[in-house]
Amino acid sequence: MLRLSRIILTFWRLGVVELALQTLTRRPAGWALALVRPAAEVAAQPRGVRLRLALEALGPIFIKFGQVLSTRPDLVPPDIATELAHLQDRVPPFPAAQSQALIEQALGRPVAELFAQFEPEPVASASIAQVHFASLPDGREVAVKVLRPGMLAVIEDDLALLHVLAGWVERLSVDGRRLRPRDVVAEFDTYLHDELDLVREAANAAQLRRNMADLPLIIVPEMHWDLCTASVIVMERMKGIPISQVDRLREAGVDIKKLARDGVTIFFTQVFRDGFFHADMHPGNIQVSVDPATFGRYIALDFGIIGTLTEVDKNYLAQNFIAFFRRDYKRVAELHVESGWVPASTRVEQLEAAVRATCEPQFDRPLKDISLGQVLLRLFQTSRRFNVEIQPQLVLLQKTLLNVEGLGRELDPDLDLWDTAKPFLERWMDEQVGWRALVRRLKDEAPQYARLLPDLPRLVHHALERPPRDDRDLLRALLREQRRTNRLVTMLLVAAGGFLLGMVVARLVTQVFGHGGL
């Protein structure tokens with residue numbers, strides 16, 4: 001109850017309660033709104049800013065919730081989604097002694113035995129964990145990520161409150177059903193519990209490292225699996241400059257325009273080639289290497305949120321992107337219907353007209369001024385009208401695309417995301433059809449063929465030598481059933497014929513005796 005009281009007080013002080021009352025199904029009296037009206041300086045701020053400030057004041061779990069909510073522009077208004085995307089995990093660190101105790105408890109040995117050197121002062125502190133630099137006994141430099149103590153209990157308590165609040169909003173607010181707050185909280189619940197397992201994050205990093213091994217544009221730290229548990233993971237230390245510090249990058253001699261283009265290439269490679277992409281690419285998780293051996297490469301960090309796509313998803317997305325590039329709005333509408341994202345009864349020409357109205361104003365501007373992210377936001381708004389079923393994995397992709405586009409434009413304001421992406425997508429589509437696709441699929445299936453081919457002669461020999469099956473018993477049974485059926489049909493015909501004959505005879509007798517009586 002104390003926690004709930006603090007939440008309500010914070011929402012009242014920052015004007016969120018007033019915003020909520022304005023959307024109630026039954027409008028409260030004017031005096032009620034007057035009672036909850038915030039100070040003038042707060043009331044002057046946009047609603048997205050008010051909500052962001054409230055979530056920041058309520059602590060790490062609510063900050064994380066706001067970050068997840070910012071990925072759902074299909075559910076919340078664009079202005080709120082954009083503002084919530086600015087939430088950052090600026091959380092005070094927990095004491096170094098406590099951090100060391102947690103490491104020793106998780107790994108079963110004293111910190112002095114595990115590491116030749118351990119820096120008590122954390123280099124990063126977020127809502128879920130904090131990071132310390134250290135070095136192993138063999139001299140290798142590492143980063144140690146430690147889960148915050150007591151996180152599960154705090155999360156469970158706050159999640160229980162969020163579920164209750166979501167239920168109230170859904171029952172009382174005009175937009176409650178459309179925004180599906182309980183579904184959003186359930187999705188957030190899943191994200192948080194996944195992030196609390198650091199082994200899952202380490203596994204994501206290992207997979208991404210393998211996928212990116214042949215792309216010399218990005219570095220993913222290597223995990224030390226013998227020092228990884230659910231609450232502590234140890235990884236290769238990365239040395240770089242945060243990508244948001246553009247002036248430092250220029251001073252170091254990094255080609256900023258190339259860096260912007262490389263970011264687009266990395267993103268589309270992860271999405272369309274691998275279907276496995278880093279879905280939390282905000283500036284705090286991206287650095288640029290200044291090591292001579294890997295100078296100018298991206299460094300990816302924090303792999304708690306990873307997006308995955310199936311082959312069907314990838315093919316659908318690529319066709320959509322290319323149709324947009326070619327301004328083929330009819331094809332975009334057809335793809336939505338074919339994929340089952342809109343009801344089968346949807347009229348293609350109406351959906352085509354809505355998509356054209358959304359996209360055409362963007363194409364009338366210079367290519368470098370087109371924001372693909374803004375186009376997608378407007379498409380999400382259009383989708384509500386046609387009851388488009390939004391796919392969670394593609395919403396995560398859209399959020400990541402917004403991050404990539406924003407990052408690219410910050411590095412190079414003249415970056416043409418569409419022009420950079422179009423050749424990549426056309427090349428990818430070319431590899432999905434024709435001879436190249438056939439050769440690739442044959443390569444993928446080669447191990448299976450190699451296992452089956454040696455057995456093929458023996459299987460053919462056995463099939464040829466096998467005596468024909470004796471189906472005589474089956475034929476006899478079928479004949480018996482056929483005879484029984486024939487007898488039944490004959491009886492029915494005889495009965496029907498007798499009935500008809502009796503009716504005819506009765507009619508004749510009636511006529512004869514009837515005339516005779518006259």
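A cavity, as the word is used here, is a set of grid points where a 1.4 Å probe fits but cannot get out, and its lining residues have an atom within 4 Å of a point. With that in hand, let us work through some exercises on this predicted model.

**Exercise 1. Find which helix supplies the largest share of the lining of the second largest cavity.**

Solution.

Step 1. Start with the cavities themselves. The structure holds 2 cavities of 30 Å³ or more, and the second largest has a volume of about 70 Å³.

Step 2. Collect the residues around that second largest cavity. Its lining is made up of I218, A260, G263, V264, I266, M281, Y298, V404, L407 and G408.

Step 3. Place them on the helices. Both α15 (256-274) and α20 (392-411) contribute at least two residues to this lining. The largest share comes from α15, with 4 residues.

Step 4. Look at the chemistry. The lining of the second largest cavity counts 8 nonpolar and 2 polar residues, and no charged ones.

**Exercise 2. Identify the residues with the most contacts inside the largest nonpolar core, and the element that gives the most to it.**

Solution.

Step 1. Recall the background: in soluble globular proteins, nonpolar side chains tend to be buried together.

Step 2. Turn to this model. Its largest nonpolar core has 93 residues, and the ones with the most contacts inside it are I243, L249, L259, F268, F272, Y298 and L411. Helix α15 gives the most to this core, at 9 residues.

Step 3. Zoom in on I243. Setting aside residues up to four places away in sequence, I243 touches L249, L259, P283, I286, Q287, V288, Y298, L407 and L411.

Step 4. Check for another core. There is a second, separate one of 15 residues, which includes F94, L107, L136 and V142.

Step 5. Link back to Exercise 1. Y298 is listed among the residues with the most contacts inside the largest core, and Y298 also lines the second largest cavity.

**Exercise 3. Decide whether strand β3 is enclosed or open to the outside, and list its strand partners.**

Solution.

Step 1. Count buried residues, where buried means under 20% relative accessible area. In β3 (residues 129-135), 7 of the 7 residues are buried, so the strand is largely enclosed by the rest of the structure.

Step 2. Split the strand by face. In a regular strand the side chains alternate between the two faces of the sheet. In β3, A129, V131, F133 and S135 point one way, while Q130, H132 and A134 point the other way, and all are buried.

Step 3. Find the partners. Strand β1 (residues 117-118) runs antiparallel to β3 and is joined to it by 2 bridges, with F118 opposite A134. Strand β2 (residues 124-125) also pairs with β3 in the antiparallel sense over 2 bridges; here S125 stands opposite Q130, and a hairpin of 3 residues connects the two strands.

Step 4. Move to β4 (residues 141-147), which is antiparallel to β3 and joined to it by 7 bridges. V131 has K145 as its bridge partner in β4, and A129 faces L147. Between β3 and β4 lies a hairpin with 5 residues, and G139 in the turn has a positive phi of about 95°.

Step 5. Follow the pairing onward. β4 is itself mostly covered, with 6 of its 7 residues buried. It also pairs with β6 in the antiparallel sense over 5 bridges, and V144 stands opposite V234 in that pair.

**Exercise 4. Name the edge strands of the open sheet of 4 strands.**

Solution.

Step 1. Write down the order, which is β5-β10-β9-β7, with mixed pairing.

Step 2. Read off the edges: β5 and β7 (240-242) each pair on one side only.

Step 3. Inspect one inner pair. β9 (residues 286-289) and β10 (residues 298-300) are antiparallel over 3 bridges, and Q287 stands opposite I299.

**Exercise 5. Describe the surroundings of E222: is it buried or partly exposed?**

Solution.

Step 1. Locate E222 in the loop between β5 (218-219) and β6 (232-236).

Step 2. Apply the cut-offs: buried is under 20%, exposed is over 50%, and partly exposed lies in between. E222 has a relative accessible area of 40%, so it is partly exposed.

Step 3. List the contacts. Leaving out neighbours within four places in sequence, E222 is in contact with R209, M235 and E236.

Step 4. Add a distance. The C-alpha atoms of E222 and A205 lie 7.7 Å apart, with 17 residues separating them along the chain.

Note on methods. Residues are numbered from 1 along each chain as its sequence is written. This is a predicted model: local features need pLDDT of at least 70, side-chain atom pairs count only at pLDDT 80 or more; totals for chains, interfaces and linings use all residues. Side-chain values use heavy atoms; hydrogens and water are left out. On a 1 Å grid over the protein atoms alone, a cavity is a set of points where a 1.4 Å probe fits but cannot get out, and a pocket is an open set with protein on both sides within 12 Å along at least five of seven lines; lining residues have an atom within 4 Å of a point. Grid points are joined across faces, edges and corners, and a volume is the space filled by probe spheres set on the points. Ala, Val, Leu, Ile, Met, Phe, Trp, Tyr, Cys and Pro count as nonpolar, Asp, Glu, Lys and Arg as charged, and the others, Gly among them, as polar. A nonpolar core is a set of buried Ala, Val, Leu, Ile, Met, Phe, Trp, Tyr and Cys residues joined through side-chain atoms within 4.5 Å. Buried means under 20% relative accessible area, exposed over 50%, partly exposed in between (1.4 Å probe, protein chains only). Contact means heavy atoms within 4.5 Å. Two strands pair if DSSP finds at least two bridges between them.
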